[in-house]
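Reader: I am new to this structure. Could you walk me through a few of its features?

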Amino acid sequence: MADDTRTLTKPATATPAALSAPHRKLLAEALRRAEDTRNVMEDALVSFGRWLLVAVFDDDAAAALGDRSANPVWADLLRRAGGPTLRLNEKMLYVALHIAARDRRITDEAWRNLEPGRKELLLPLGDEAVMREAAQHVTAMKLTQRATRQYVTSLLAAQGKGRAVRVTAPRVASQVRRFRERVASKAYEKKVVAALQAADPAQAKAAIDEIEAVRQWAERLLRRAR
C-alpha cells in the first residue's frame, strides 16, 4: 500500500492544459485569493514583529536577538503561546520578532526586498553577513521558498551544522502541555484502552512499547532536572 502521507505531500502534477476552461478560471481565482491571503498574513506578522521590537524590547535589536529571559512581557507571551489567551504559537512569536530585528540590522537591498516567507527560511543561518549573502543569492537566482529551504540546508551542512532546535524552559512547558492536553483526558484514555484491546497483538505491543518509552523518558528527565 502506498504511503498516504507521501501522497498528500507530493506536488501537483496536473498542467493547465489538462483543465477545462471553467476549471482554469476557477484555478486562477483560487491562486489570486491564496496570494491575497499570504499577503495579509505576512503583513500582519511583520507589523506584529515591529511592534514587539519597539514596544517590548525598546527598539533594541540586540536585546531582541540576545537573552530575552529577563524580559517579563516576553516571558509571559511565551508562557501563553498556543493557549487560550494567545493562539499564536512560539514559532510565530520568534519569527515575527527575529525578522523585525534582522530588518533593523541588515540594510542590504536584497534582504529588504525578500518577502517574510523567504526571510524566515534564512533565519537559521544566524550570522548576518551570511544571511545578507544568502539573500543576494536567493534574489539573483529567483529561488522559490522550496528551493530556498534546500539552499539553506546545504549552507548549514557545508558549515557542519544542522538546523538548530532552540530549547528553552517555556518552550518545553508549552510543548509538553500541548501533548498532555491532547492525550490526558479520560475520554481519550478510554478510547486508547479500547483500541489497544481490539488491536492485533503485535500492533498493540508496538503502541504499548512507545508509551513505555515515553514513561521512561519522563522519569529520566525528572531525575536529572530536579
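Author: Gladly; a few questions and answers about this predicted model follow.

Reader: How many aromatic pairs are there?
Author: Rings count as a pair if their centres lie within 6.5 Å. By this rule, the count comes to two.

Reader: Is the pair of Trp74 and Tyr94 stacked, tilted or edge-to-face?
Author: A pair of aromatic rings is described by the distance of the centres and the angle of the planes. For Trp74 and Tyr94 the centres are 5.5 Å apart and the planes are at 75°. Planes over 60 degrees apart count as edge-to-face, so the pair of Trp74 and Tyr94 is edge-to-face.

Reader: Which parts does this pair tie together?
Author: The two residues are 20 apart in sequence, so the pair links separate parts. Both Trp74 and Tyr94 are buried. Trp74 lies in helix H4 (residues 72-80) and Tyr94 in helix H5 (residues 90-105), so the parts tied together are helix H4 and helix H5.

Reader: Which elements give two or more residues to the nonpolar surface patch?
Author: The patch covers about 600 Å², and its residues include Val167, Phe179 and Trp217. Two or more of its residues come from each of helix H10 (169-183) and helix H12 (201-225).

Reader: Is Val214 buried, partly exposed or exposed?
Author: Val214 belongs to that patch and lies in helix H12. Its relative accessibility is 38%, and values between 20% and 50% count as partly exposed. Val214 is therefore partly exposed.

Reader: And Met41, buried or exposed?
Author: Met41 lies in helix H2 (residues 21-56). Exposed means over 50%, and Met41 has 55% relative accessibility, so Met41 is exposed.

Definitions and conventions. Residues are numbered from 1 along each chain as its sequence is written. This is a predicted model: local features need pLDDT of at least 70, side-chain atom pairs count only at pLDDT 80 or more; totals for chains, interfaces and linings use all residues. Side-chain values use heavy atoms; hydrogens and water are left out. Rings of Phe, Tyr and Trp (its six-membered ring) pair if their centres lie within 6.5 Å; planes under 30 degrees apart count as stacked, over 60 as edge-to-face and the rest as tilted. Helices (H or I, at least four residues) and strands (E, at least two) are DSSP runs, numbered from the N terminus. Buried means under 20% relative accessible area, exposed over 50%, partly exposed in between (1.4 Å probe, protein chains only). Patches are made of residues with over 30% relative accessible area and no salt bridge: like charges are joined within 9 Å, nonpolar side chains (Val, Leu, Ile, Met, Phe, Trp, Tyr) within 5 Å. Accessible areas come from the Shrake-Rupley method with a 1.4 Å probe; for residues, only the protein chains shown count as cover. A salt bridge is a side-chain nitrogen of Lys or Arg within 4 Å of a carboxyl oxygen of Asp or Glu.
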